[in-house]
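Biologist: Please take a close look at the surroundings of the ligands for me, and then set that part against the rest of the model. I would like to know how far each step of the description can be trusted.

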Amino acid sequence: MQATDPDIYWITEPQLGLAGNMYLPLFMQGLTTTVKHLFSPKVTVSFPEERPQIGNPLIYRGVHRLNKDEAGRVKCVACFLCATACPAHCIDIVAAPSPWPDREKYPESFTIDELRCIFCGMCEEACPVDAVELTSLLDLTGRSREEMIFDKEKLLSVYDMTQAAEPMKSLELGNAPSK
Amino acid sequence: MSPDLIAALVKIALLIGGLMTAAAYLVLLERWIAAWVQDRKGPNRVGIPLTDIKLFGLGQPLADGLKFIFKEEYTPAHVDKALFVLAPLVILAAALAIFAVIPFGSVVPDFDIWGYKFTGDAVNLVVAPGVDVGLIYVFALSSIAVYGVILGGWSSNNKYSFIGGLRSSAQLIAYEIPMGLGILGIVLSTGSLRLDAIIGSQAQSGWWNAMTQPLGLLVFTVAAFAEAARLPFDLPEAEQELIGGYHTEYAGMKLILFLIAEFLHMITAALLIVILFFGGWHFWGLTGADDQVTWLGALLRIFVLVTKFMLVVLFFMLVRWSWPRFRFDQLMSLAWKVMLPLGLLNLATMAILVELEANGTLPVGSQGTFALVGWGVMLVGWIGSALVAPLQTDNRPRPGAGGLLEPERLLA
Ligand code: SF4
Ligand code: SF4
């Protein structure tokens, strides 16, 4: 493309007046904004003592959990949809024939590498039985890489930990799958 | 040792200790203000070490200082060693030496310690009392800062540092002129270069120079911001854009010397604004007359001075978050095309008024007239410029002003 190309629009910026150049009106404007913010409520919190307010836990994407059904069994049916959807390839499932009559398979092992996860929520979207969910737990720390690879037990324990505060999203949203 | 010498040494010790502490805590204040303005909480953790006492983060400066001390004192191999070490020393020494003539209060009553008699007159709250060239001394020393900057840039043997140094010295030199012009009006109307005399004359007439010379205040304040390299004039550093300007190659203690010097420049600028334009320690009906000094009066004067100083510093810090940085050409045209004429206008007005006062046309001490004329000149200048060039503060492309959003160009 050449500079003479008729498709190029040349933008000439309007001239600033002397007053604009002298900055004084803008000065008052800027200073007012600054002073206003000086006294406005703060958005940060003193973290470990105070917890940040999570706007809507239903759409927050924090640490994963594996939901349990009414009988306390893992809800997952090992369909691999989440592992397929995961863009970070961090879900690893080993399926086994289910010991229960109401389903064919169940996950013998189910691990999520929280270090590779990008918390996109695709797994939650993909799951047909709402088994994997992202909670609003946000301080995810560990002392080693191994510790950050969450296995089935750990993911189920996250459910036990959070179910009181955060009921299953499907129930919350009022569209629980009919049996 | 004579009492004078002891007094001077005590004052120097107090001054340097006080200034260093002040600089450290002003850094903390600056960080607080930065945080509050951005709706954050700011540093509030570091308190007394090894305990849980947090004290609103008042231990932060100490921690920062320790961090700088324990940092590796790295000197790149390609620098000019001698000048490289000299530069921060020059800039810090000059910045500290300025305070020798700055009065931190007024007079104190007579007193004696351990048999040494001190008369209140001798114990002036200035390290070097009675320097008749006070203001010139301040300017001479603040110009030396340019040497520090350019030495730092040059000795680093690095093109970025060098360019940063050049930019910085161009800025410092350009704004020295409006700064001088802003002050000349005051020197004319006071008839003295001594800072305490300038405060004294404001206290005597009860008219602060800010009221009688608003234009001078404007010019001086803008120039002081530029001299102290504070935003919106912080082109020497421009943390977000340059890699650090003239002190790119510095680390550890040498870097902190530069940073302290920068803060001292801000302190100087704020003190000068207070002393020259806002009456120093004077406040109507609070600070009393000079002939009946009590301890209460002396302390009140110091308190008033410090309060005014803190307000000006607060202004410095708020301005930092209110404005975007100038471009270099804007910086230069502001200095030469706007501030220089305004400073000359102020000077000419003051010269005329002082002359009229001297030859008897105006009664002596007609500060009210001064104020009226000063504000009149400022307002007429402002309205005039607004009429000549309309109050246009937005240069974004928009309909009717050319550019992409012009309807006929979109249709064509
Ligand atoms: S949140 Fe995204 S990246 Fe993380 S496990 Fe689920 S699908 Fe994979
Ligand atoms: S968690 Fe859901 S999507 Fe993933 S394997 Fe189990 S049932 Fe399928």
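Modeller: A residue is taken to be near a ligand if one of its heavy atoms lies within 4 Å of it. Please keep in mind throughout that this is a predicted model, with an ipTM of 0.72 and a pTM of 0.79.

Around ligand 1 there are 13 residues, and those that come nearest are A:Cys86, A:Cys117, A:Cys120, A:Gly121 and A:Cys123. By class, the shell around ligand 1 consists of 11 nonpolar residues and 2 polar ones, with no charged residue; in this count cysteine is placed among the nonpolar residues and glycine among the polar ones. Ligand 2 is surrounded by 14 residues, the closest being A:Cys76, A:Cys79, A:Phe80, A:Cys82 and A:Cys127, and the shell of ligand 2 holds 14 nonpolar residues, with no polar and no charged ones.

One backbone detail in chain A deserves a note of its own. A:Phe119 is found in the loop that runs between strand S3 (105-113) and helix H4 (122-126) of chain A, and its phi is near 50 degrees, which is a positive value in a residue other than glycine. The relative accessible area of A:Phe119 is 22%, so this residue is classed as partly exposed.

As to confidence, chain A averages a pLDDT of 85, and 87% of its residues score at least 70. Within chain A the lowest confidence falls in helix H1 (residues 18-21), at a mean of 62, and the highest in helix H3 (residues 81-85), at 95.

Chain B, to which I turn for the rest of the model, has 412 residues, of which 49% count as buried, and it contains 13 helices and 2 strands. Of the contacts in chain B between residues at least 6 apart in sequence, 77% join residues at least 24 apart.

Helix H2 (residues 60-70) of chain B has B:Gln60, B:Pro61 and B:Phe68 as its buried residues. Seen down the axis of H2(B), these fall within an arc of 100 degrees, and they therefore line one face of the helix. B:Leu62 and B:Phe70, by contrast, are exposed on the other side of H2(B). The cover over the buried residues of H2(B) includes helix H1 (3-37) and helix H9 (252-277) of chain B.

Helix H9 of chain B also carries B:Leu272, which is buried, with a relative accessible area of 3%. Apart from its neighbours within four places in sequence, B:Leu272 is in contact with B:Val138, B:Leu195, B:Phe220 and B:Phe277.

A positive phi value in a residue other than glycine is also found in chain B, at B:Asn157, where phi is near 55 degrees. This residue lies in the loop between helix H4 (134-155) and helix H5 (159-190) of chain B, and B:Asn157 is exposed, with a relative accessible area of 52%.

For chain B the mean pLDDT is 82, and 86% of the residues reach 70 or more. Among the elements of chain B, helix H13 (residues 407-411) has the lowest mean pLDDT, 50, and helix H3 (residues 81-97) the highest, 90.

Terms used
Residues numbered from 1 in each chain as written. Chains lettered and ligands numbered in written order. Predicted model: local features only at pLDDT ≥ 70, side-chain atom pairs only at ≥ 80, totals over all residues. Heavy atoms only, no water. Buried < 20%, exposed > 50% of the residue type's maximum accessible area, 1.4 Å probe, protein only. Helix = DSSP H or I, 4+ residues; strand = E, 2+ residues; numbered from the N terminus. Arc of directions from axis to C-beta. Contact = heavy atoms within 4.5 Å. pLDDT = per-residue confidence, 0-100.
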